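Please consider the model shown below together with its sequence. The discussion concerns helix packing and internal space.

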Amino acid sequence: MTGQHRIVILGAGYAGLAAARRLARTARAAHITVVDARASFIERVRLHQYAVGQSIQEWDLRELLEPERIQFVRARANGIDTVHKQVTLDDARALDYDSLIYTLGSTNDTAVPGVAEHAYSVATPEDSQWLRAGIPAGRIAVVGCGATGIELAAELAECQPDSQVVLLGSDAPASWLSLRAQQHVRRVLDRLGVEIRSEAKVIEVRPDGVRLADGSVLTAAATVWTAGFGVPDLAQRAGLAVDGHGRVLTDETLRSVSHPDVYAAGDAAVVAGPGGRELRMACATALPTGKYAADAVVARLAGRAPRELRFRYHFQCISLGRRDGVIQFLHRDDAPARTVLTGRTAAWFKEQIVQGAGRAARP
């Protein structure tokens, strides 16, 4: 490996695997290493299905990566020494790098009191496993009316029709989508028996439920927190320039604004999109930004300026159980367009998109 450019990728989610796959094809003279604490890849966009006990396919990361001449190291990155260009691992090993691609993704947001101690989550396979192991009978409070909360509430209600599922949030479900999409989401949730409580801000999670901003308490056998995500603090501890959430600040080529040998993509990066608007956390963001980060590294290795990142969203997919859903088509700036698909057509459409995303991430 003497003389090879050493590229280390931290994280084997959508962004990390997309970057690795692109590098395996375009950086033939480089030595590529992927580091992840998990042995397998589980599609994050299916974790709401996994949490309710549905069978979800897993892929062994070593078997995926090593035939593509990508070294896989199963370990957790504990630190990044940006001076000596070295990643320290939890098993006392250290990896040297020439270029580092930071794709550690996101985690559950535990800023609200009691979330870490008393709430379930579907942010990671490990979080989802606890819920999957045994969903308590009785009322289930799902906090967060974003896409994850909507999908989980629908899956819980469909799989456990005897449970009382309550969806709580400061805003109405799918409030960022078009009126037609919002109305369909509400109709399906109503049909499934999900109780919707909008303008219900949760300020504390308790062992027996949640406390709301108005002082009232909603009792629940289980609380699942889906209101926002956090990111690992590794970048911040390493001294990389980060935003207030700990995401790596990047330039127009996804290179760290403070450390030119570090690139970042996916949920753990701040990426400017059309009109300067930050790209949202999504697999639709992770896959193309992971590929682009790889392209930027390869371009600079060849002495070229990286091409411009051209990015746009086309649609957002929300499943409503296994037989219904919403596909909201989008303008270039991520604003909802007029076209909306619903019902079984939308459920089929989303399944095709999810399968395609999985194939795009797997070398």
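The paragraphs below treat two helix contacts and then a cavity.

The model is predicted. A convenient starting point is helix α9, which spans residues 283–301. The axes of α9 and helix α1 (residues 14–26) come within 7 Å and cross at roughly 35 degrees. This crossing of α1 and α9 is right-handed. On the α1 side, the contact involves Y14, A15, A18, A19, R22, L23 and T26; on the α9 side, the partners are C283, A286, L287, G290, K291, A294, D295 and V298. By residue class, the contact of α1 with α9 comprises 10 nonpolar, two polar and three charged residues.

Helix α9 also packs against helix α10 (residues 343–361), at an angle of about 25 degrees and with the axes 11 Å apart. Because angles under 35 degrees count as roughly parallel, α9 is described as roughly parallel to α10. The crossing in which α9 passes α10 is left-handed. Here C283, L287 and K291 of α9 meet A357, A360 and A361 of α10. The residues of this contact of α9 with α10 are five nonpolar and one charged, with no polar residue. C283, L287 and K291 of α9 thus appear in the contact with α10 and also in the contact with α1.

Attention now turns to internal space. How many cavities of 30 Å³ or more does the structure hold? There is one, and the largest cavity contains about 40 Å³ of space. Its lining is formed by R247, G266, D267, A269, V271, L279, R280, M281 and T285. These lining residues divide into four nonpolar, two polar and three charged.

Conventions:
Residues are numbered from 1 along each chain as its sequence is written. This is a predicted model: local features need pLDDT of at least 70, side-chain atom pairs count only at pLDDT 80 or more; totals for chains, interfaces and linings use all residues. Side-chain values use heavy atoms; hydrogens and water are left out. Axes are lines fitted to C-alpha atoms, for helices over the stretch in contact, and angles run from 0 to 180 degrees between N-to-C directions. Helices (H or I, at least four residues) and strands (E, at least two) are DSSP runs, numbered from the N terminus. Angles under 35 degrees count as roughly parallel, over 145 as roughly antiparallel, 65 to 115 as roughly perpendicular and the rest as oblique. A crossing is left-handed if the near helix is turned anticlockwise from the far one by less than a right angle, and right-handed if clockwise. Contact means heavy atoms within 4.5 Å. Ala, Val, Leu, Ile, Met, Phe, Trp, Tyr, Cys and Pro count as nonpolar, Asp, Glu, Lys and Arg as charged, and the others, Gly among them, as polar. On a 1 Å grid over the protein atoms alone, a cavity is a set of points where a 1.4 Å probe fits but cannot get out, and a pocket is an open set with protein on both sides within 12 Å along at least five of seven lines; lining residues have an atom within 4 Å of a point. Grid points are joined across faces, edges and corners, and a volume is the space filled by probe spheres set on the points.
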